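Me: I'm new to this one, so could you take me through a single part of it slowly? I'd like a close look at the second largest pocket, please.

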Amino acid sequence: MELDPLLLARMQFGATTLYHFIFVPLTIGLSGLVAVMQTAWVRTGDEKYLRMTKFWGKLFLINFAMGVVTGIVQEFQFGMNWSDYSRFVGDVFGAPLAMEGMLAFFLEATFLGVWIFGWDRLPKLVHLASIWLVAIGTSLSAWFILAANAWMQNPVGYTINAERGRAELTDFGAVLLNPVALVTWPHTIFACYLVASALVIAVASWHLARRNEKPLMRTSLRLAMVTALVAGLGLTVSGDALAKVMTDVQPMKMAAAEAQYDTESSASFSLFTIGSLDGSEEVWSLRVPNLLSFMATGSWDGEVEGINDIQALYEQQYGPGSYVPLVPVTYWSFRLMIGLGMVTVAVSALGLWLTRRGRTPDSPLFWTVALWTMPLPLVGSLFGWVFTEMGRQPWIVFGEQLTRDGVSPNVPGWAVLTSLTAFTLVYAGLAIVEFVLLARYAKAGPPVLAAGPDPDDDDTSDPQDPGARRPLAFAY
């Protein structure tokens, strides 16, 4: 059987990208939550917040390390499996990636080291600033990466050099301020905080169900639930803006997301649809009247283009061929992205109600539900990326380069299959390591406080004096 290098290269890139993105939202979201916890400690002096910072900070560090390893491996594929794509977009695509590495990643990595080794060595405010700079750095990294991806969705700020057969950068500002990037970035950041909140909710619920560290875990739980509600609201607003922008720049993707084959006004949004096996016809659906028109155009009676009309238009613009993505994949990934996130927000709202005014639920059912909610927003985020990338097909750069034209021409299928198998085995091992480490330290609970030096302490009392004042530090 002949191995298809294009199919295998797509499988490998999809697998490594989705695997890497498991760690990205946790890194971004946890960095911000840990910074908030440490700020609360610096402002109040309450050791509860200090222990929270150390506990959740350790989980953040484990996840950060895994994210760095998988991110480095991912970028090698551009040269190995997608050399024609790299040659075509290198002048444009390389600029935001270089800024991500030299500016954002160095910022977060440098100050993460300061934060790790600065305990009891730096003044509190300086040490606090280091974790905030880490949180800012992670968000900046997301901006540059999303700007590069947005260029693939909506190419701007470039010209095509016909002689060299490549895109050349003409306006870097246009690339960074791409309309798609402007709405994708906040949408992604809110999703990251929802994912991180779900982890905190799950771990805190596990401890509270066993009545461990009740004051600390209850505070962590409510902080995460409030964050989840804010993130859910942000996802709704930014998602609405993103849908409108994508309707303008990639109408086929949004039509496929709804399985909308014919152009119509006052279009309804289907919550659930049963279609034919080939995905070309609707058999039955549950619909919300006019909602699709509002999502796509901002008007309840706006006109939404259908797949058939867009396909005919693209054939005129780009030549014969199918420009329709896999409709079942785009349809269901779009709904699973939304639905799984909404479940997490609903559980958070319920949890805030049940824990109001100092209450702690006694029902094991709630703690079980909260625990098993943990993977839902993460899986929803992964489905969001599946929708984003699969909905762009058959383009690798929309309107400029087809996916089949970006694959390395001289890499045989067996070579791609070999690397795909190797990456799968290595990543499976890394997944086990990540899960075991997170589970071990999550179950161990917050660290115990022990006596130690405080860089802000001006007390010169004799340390041998039993009555001397001793500040608090951490012992792991």
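Reply: Sure, let's start with its size: the second largest pocket has a volume of about 960 Å³. A pocket here is an open set of points on a 1 Å grid over the protein atoms alone, where a 1.4 Å probe fits, with protein on both sides within 12 Å along at least five of seven lines. Points are joined across faces, edges and corners, and the volume is the space filled by probe spheres set on them.

Bear in mind that this is a predicted model, where local features need pLDDT of at least 70 and side-chain atom pairs count only at pLDDT 80 or more, while totals for chains, interfaces and linings use all residues. Residues are numbered from 1 along each chain as its sequence is written, and side-chain values use heavy atoms, leaving out hydrogens and water.

Now for the walls. The lining takes in 36 residues (those with an atom within 4 Å of a point), and His187, Leu235, Gly239, Met337 and Ile338 lie nearest the centre. Elements giving at least two residues each are α5, α7 (179–209), α8 (214–249), α9, β4 (269–275), α10, α12 (327–354) and α14. Helices (H or I, at least four residues) and strands (E, at least two) are DSSP runs, numbered from the N terminus. Of these elements, α8 gives the most, with 8 residues.

As for character, the lining has 21 nonpolar, 13 polar and 2 charged residues. Nonpolar covers Ala, Val, Leu, Ile, Met, Phe, Trp, Tyr, Cys and Pro, charged covers Asp, Glu, Lys and Arg, and the others, Gly among them, count as polar.
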